[in-house]
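Here are some exercises on reading a protein fold. Try each task with the structure open before you read the solution.

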Amino acid sequence: MRAASRGARYEGARLGFVPTMGALHEGHLSLVRAARDENDVVAASIFVNPTQFAPGEDFAKYPRSFERDCGMLEKEGVRLLFAPSAEEMYPGGAVTWVDVEGLSDRLCGRSRPGHFRGVSTVVAKLFHTVEPDVAFFGQKDAAQVAIIRRMVQDLRMAVKIVACPIVRERDGLAMSSRNAYLDASQRKQALILYRSLCAVGDAFERGERRVEVLRGAGKRIFSEEPGVRLDYLEIVHPDTLTPVEVVTGAALTAVAGFVGSTRLIDNVLLDE
């Protein structure tokens, strides 16, 4: 993979990269299209990273559709695909981790200890292997984007990070590979995440800036759907993920909840 990437760049091509865990949907393809629009060559990866799953999470049943994914990527013009094995990414005896302290234990990191250490480690490995000029991530994983940006900054990695807008279904549900777990009833219940974020956004548009009041507006909507268990609804600085008390600039409203046993996340940005 490194030789293929270097070969493309040796010819003067600008290389865009889209890392994925497969089970591709329109959200992933929007990243590929953004990469294609801004670069000469697009590379993608498919790797279900075991180190970002805690014991008891859904690593074993995480949706996998490799042949279908390959066809979708080829159709969208991806020239290079990296699909390593776990043994290739984590050779026996490997003891080195990348841990972005101060960010990795916030939002999903608080609920899933060790998750972001696994994410930052595997993304660092992917960047070192693919050596892209630009890497594209979805805004749906806003905390992940903030952590990767800080990792790139701190480790002086020569890659630009681009966050692309959330792609939603017509009814507002954020596209996610885990949506495949939902039955028809749960699919309807899952809309409460987006509805709670809309309530926060509506209060913000009406001039409310106190976080306690904004969060309360979202939680009241969330309580209307007893079939979904709230994990968190937080308003934080989009770069540091630290909680804010009053919104005075850009702020990230992030929500996570369990629909049955399926954990889903969503977010919206608040800005003046």
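The exercises below go through the sheets, helices, cores and a few single residues of this predicted model.

**Exercise 1. The parallel sheet**

Find the order of the strands in the five-stranded sheet, and name its edge strands.

Solution.
- Step 1: Trace the pairing from one side to the other. The order is E3-E2-E1-E4-E5, the sheet is open, and its pairing is parallel.
- Step 2: Look for strands that pair on one side only. These are E3 (80-82) and E5.
- Step 3: Add the twist, which averages 25 degrees from one strand to the next.
- Step 4: Check two of the pairings. E2 (residues 41-46) joins E3 through three bridges in the parallel sense, and Ala43 stands opposite Leu80 in E3. E4 (residues 134-138) and E5 (residues 160-164) are also parallel, with five bridges, and Val134 has Lys160 in E5 as its bridge partner.
- Step 5: Follow the chain from E4 to E5. Together with helix H7 (residues 142-154), these two strands make a right-handed β-α-β unit.

**Exercise 2. Two helices on the sheet**

Work out which strands H2 and H6 touch, and compare the span of each helix with the expected one.

Solution.
- Step 1: Start with H2 (residues 26-38). This helix packs on the sheet and touches E1 (15-20), E2, E4 and E5, with its direction at about 155 degrees to that of E4.
- Step 2: Turn to H6, which also packs on the sheet. H6 touches E1, E2, E3, E4 and E5, and its direction makes about 145 degrees with that of E1.
- Step 3: Compare the spans. H2 has 13 residues and reaches 18 Å from its first C-alpha to its last, close to the 18 Å expected at 1.5 Å a residue. For the 16 residues of H6 (residues 115-130), 22 Å is expected, and the end C-alpha atoms are 22 Å apart, which agrees.
- Step 4: Look at burial. In H6, 13 of the 16 residues are buried, so this helix is largely enclosed by the rest of the structure. The buried residues of H2 include Gly27, His28 and Leu29, and their cover includes E1, E2, H3 (66-75), E4 and E5.

**Exercise 3. The antiparallel sheet**

Describe the sheet of three strands and say why one side of each edge strand has no neighbour.

Solution.
- Step 1: Read the order, E6-E7-E8, in an open sheet with antiparallel pairing.
- Step 2: Find the edges. E6 (228-236) and E8 (262-270) each have a single partner strand, so one side of each is left without a neighbour in the sheet.
- Step 3: Note the turn between neighbouring strands, 15 degrees on average with direction ignored.
- Step 4: Check a pairing. E6 and E7 (residues 251-259) are antiparallel over eight bridges, and Arg229 has Phe258 in E7 as its bridge partner.
- Step 5: Place the helix. H9 (residues 192-205) lies across E6, E7 and E8, at about 20 degrees to E8.

**Exercise 4. The cores**

Identify the residues that touch the most other members of the largest nonpolar core.

Solution.
- Step 1: Take the 44 residues of this core. Phe127, Ile148, Met151 and Leu241 touch the most other members.
- Step 2: See where the core comes from. The elements giving two or more residues to it are E1, E2, E3, H6, E4, H7, E6 and E7.
- Step 3: Look around Leu241. Beyond its neighbours within four places in sequence, its contacts include Leu103, Leu107, Ile147 and Leu252.
- Step 4: Find another core apart from this one. It has 26 residues, among them Leu191, Val200, Phe204 and Val228.

**Exercise 5. Three loop residues**

Decide for Ala190, Leu107 and Arg156 in turn: buried or exposed?

Solution.
- Step 1: Recall the cut-offs: buried is under 20% relative accessible area, and exposed is over 50%.
- Step 2: Ala190 sits in the loop between H8 (184-189) and H9. Its relative accessible area is 0%, so Ala190 is buried. The C-alpha atoms of Ala190 and Val259 are 6.3 Å apart, although 69 residues separate them along the chain.
- Step 3: Leu107 lies in the loop between H4 (86-89) and H5 (108-111). With 3%, Leu107 is buried. Its phi is positive, about 50 degrees, although Leu107 is not a glycine.
- Step 4: Arg156 lies in the loop between H7 and E5. With 67%, Arg156 is exposed. Arg156 is not a glycine, yet it has a positive phi of about 55 degrees.

How values were computed: Residues are numbered from 1 along each chain as its sequence is written. This is a predicted model: local features need pLDDT of at least 70, side-chain atom pairs count only at pLDDT 80 or more; totals for chains, interfaces and linings use all residues. Side-chain values use heavy atoms; hydrogens and water are left out. Two strands pair if DSSP finds at least two bridges between them. Helices (H or I, at least four residues) and strands (E, at least two) are DSSP runs, numbered from the N terminus. A crossover is right-handed if, with the strands pointing away from the viewer, the path from the first strand over the helix to the second runs clockwise. The expected span of a helix is 1.5 Å times one less than its number of residues. Buried means under 20% relative accessible area, exposed over 50%, partly exposed in between (1.4 Å probe, protein chains only). Axes are lines fitted to C-alpha atoms, for helices over the stretch in contact, and angles run from 0 to 180 degrees between N-to-C directions. Contact means heavy atoms within 4.5 Å. A nonpolar core is a set of buried Ala, Val, Leu, Ile, Met, Phe, Trp, Tyr and Cys residues joined through side-chain atoms within 4.5 Å.
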